[in-house]
Amino acid sequence: MTAPDVGPLPELPAGWTAVRTRGPGPFVTHAVLERPDGVQVEWTSRRHRKRLGLRTPGAAPAGGGASASSWWIGALFAVGSVCFALGSLPLFFDAVPPRAVGWTFFVGSVFFTSAAYLQYDEAVHAPTDMVTAGRRPWRLTSLLHWHPRRIDAWAATIQLVGTVFFNVSTFAATRADLAVDQDRRLVWAPDVLGSVCFLVASWLAYSEVNRGVLPRPDRSVGWWIAGVNLAGSVLFGAAAVGARYLRSTGELANVALVNAGTFLGAVGFLVGAVLLPVESARDRATG
């Protein structure tokens, strides 16, 4: 598999120049560009892959609602988050059979995977040039291309892999006949790997919109989405730690942490999902 020659910035139109750029490490996530007429515009990798165009500082707000993709991704993540939150509530799992709880988590993980695939598809088919806001033509081979110089491609790919680990973990948890060793291998181990993937992907997505290591809000909705998703990933990771088995008893190390971490993490992802259409509508209005 050969990677296309994709630079840190999409192709600039003739006569345009990059005045300054910034981003974490080798990645470029923000750039100030100057057009041939001397007008400066702002480009961000997040706006670019969402096909929201360039932003002209000081321009009058334009009309426009949220994009269809933001509604779909937000809705799918929201349903998955509700399933995970519901499955971790004592009021729910004490009232239904354990198998029903397991299927609730599995259904939620499928919605997570569907949303993660749409985000991956969004990143893979981002426009190749700076100005075009249209979607890159769909080709099966484009799904196999790797974009090592784009932070959003890394985040989307790792997150998609994490959701598949959650699919494996939650599906195995629907079985009631697993021994402790099987639970460790089929439920807990994929859950840990999925949580690690979510944490790494969320950190990359947060780094895309945050300047530096310390939190620096820029009043954008995208910053808050990345922030609450990172918090949700940390909480999911805490739940995975609490779900480890103690060798002496064969029981979970901290059931309360498992339930609290899963519930609060799911709430964080739910907030981020609800904000996605808000971000799309606001960014379209400020284009």
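**Notebook: sheet, ring pairs and enclosed space**

I began at one residue pair, and found that Glu34 stands opposite Gln40 in β3. The model I am reading is a predicted one, and I keep that in mind for every entry below.

**Entry on the sheet**

I followed the pairing outward from that point. Strand β2, residues 30–34, is joined to β3 by five bridges, and the two strands run antiparallel. On the other side I looked up β1, which pairs with β2 in the antiparallel sense, again over five bridges. Thr17 is the residue that stands opposite Glu34 in β2, and I noted that Glu34 also faces Gln40 in β3.

Put together, the three strands make an open sheet in the order β1-β2-β3, with antiparallel pairing. Its edge strands are β1 (17–22) and β3 (40–44), each of which pairs on one side only. From one strand to the next, I find that the twist averages 20 degrees.

I then checked how covered the strand β2 is, and found that four of its five residues are buried, which leaves the strand mostly covered. The connection from β2 to β3 is a hairpin with five residues between the strands, and Gly38 in the turn has a positive phi of about 90 degrees.

**Entry on positive phi outside glycine**

I looked next for backbone angles that stand out, with the reminder that most residues other than glycine have a negative phi. Arg51 has a positive phi, near 55 degrees, and lies in the loop between α1 and α2. Arg219 also has a positive phi, near 70 degrees, and its place is the loop between α6 and α7. The relative accessibility of Arg219 is 78%, so I record the residue as exposed, the cut-off being over 50%.

**Entry on aromatic pairs**

How many aromatic pairs does the structure hold? I count 17 of them in the computed list. I took Phe84 and Phe105 as one case: their ring centres are 5.2 Å apart and their planes stand at 85 degrees, so I enter the pair as edge-to-face. This pair links distant parts of the chain, with Phe84 in helix α2 (residues 68–87) and Phe105 in helix α4 (residues 98–124), 21 residues apart. Phe84 counts as buried because its relative accessibility is 6%, and Phe105, with a relative accessible area of 18%, is buried as well, given that the cut-off is under 20%.

Another case is Phe112 and Phe269, an edge-to-face pair with 6.1 Å from centre to centre and 70 degrees between the planes. Here too distant parts of the chain are linked: Phe112 belongs to helix α4 and Phe269 to helix α8 (residues 255–285), 157 residues apart. I looked up both accessibilities, and Phe112 at 1% counts as buried, while Phe269 at 5% is buried too.

Which residues do the ring pairs link into a cluster? I traced Phe77, Phe84, Phe105, Phe112, Phe166, Phe198, Phe236 and Phe269.

**Entry on the second largest pocket**

I turned to empty space, which is located by rolling a probe the size of a water molecule over the atoms. The second largest pocket holds about 770 Å³ of space. Of its 28 lining residues, those closest to its centre are Arg22, His30, Thr44, Asp218 and Ser220. I listed the elements that give two or more residues to this lining, and they are β3, α1 (45–49), α6 (180–209), α7 (221–242) and α8. Sorted by class, the lining of this pocket has 12 charged, 11 polar and five nonpolar residues.

**Entry on the cavities**

I find three cavities of 30 Å³ or more. The largest cavity has a volume of about 370 Å³. Which residues of its lining are closest to the centre? I noted Arg46, Gln119, Gln159, Ala205 and Asn229, out of 24 residues that line the largest cavity. At least two lining residues come from each of α1, α4, α5 (151–172), α6, α7 and α8. By class, I enter 13 nonpolar, five polar and six charged residues for the lining of the largest cavity.

Technical notes: Residues are numbered from 1 along each chain as its sequence is written. This is a predicted model: local features need pLDDT of at least 70, side-chain atom pairs count only at pLDDT 80 or more; totals for chains, interfaces and linings use all residues. Side-chain values use heavy atoms; hydrogens and water are left out. Two strands pair if DSSP finds at least two bridges between them. Axes are lines fitted to C-alpha atoms, for helices over the stretch in contact, and angles run from 0 to 180 degrees between N-to-C directions. Rings of Phe, Tyr and Trp (its six-membered ring) pair if their centres lie within 6.5 Å; planes under 30 degrees apart count as stacked, over 60 as edge-to-face and the rest as tilted. Buried means under 20% relative accessible area, exposed over 50%, partly exposed in between (1.4 Å probe, protein chains only). On a 1 Å grid over the protein atoms alone, a cavity is a set of points where a 1.4 Å probe fits but cannot get out, and a pocket is an open set with protein on both sides within 12 Å along at least five of seven lines; lining residues have an atom within 4 Å of a point. Grid points are joined across faces, edges and corners, and a volume is the space filled by probe spheres set on the points. Ala, Val, Leu, Ile, Met, Phe, Trp, Tyr, Cys and Pro count as nonpolar, Asp, Glu, Lys and Arg as charged, and the others, Gly among them, as polar.
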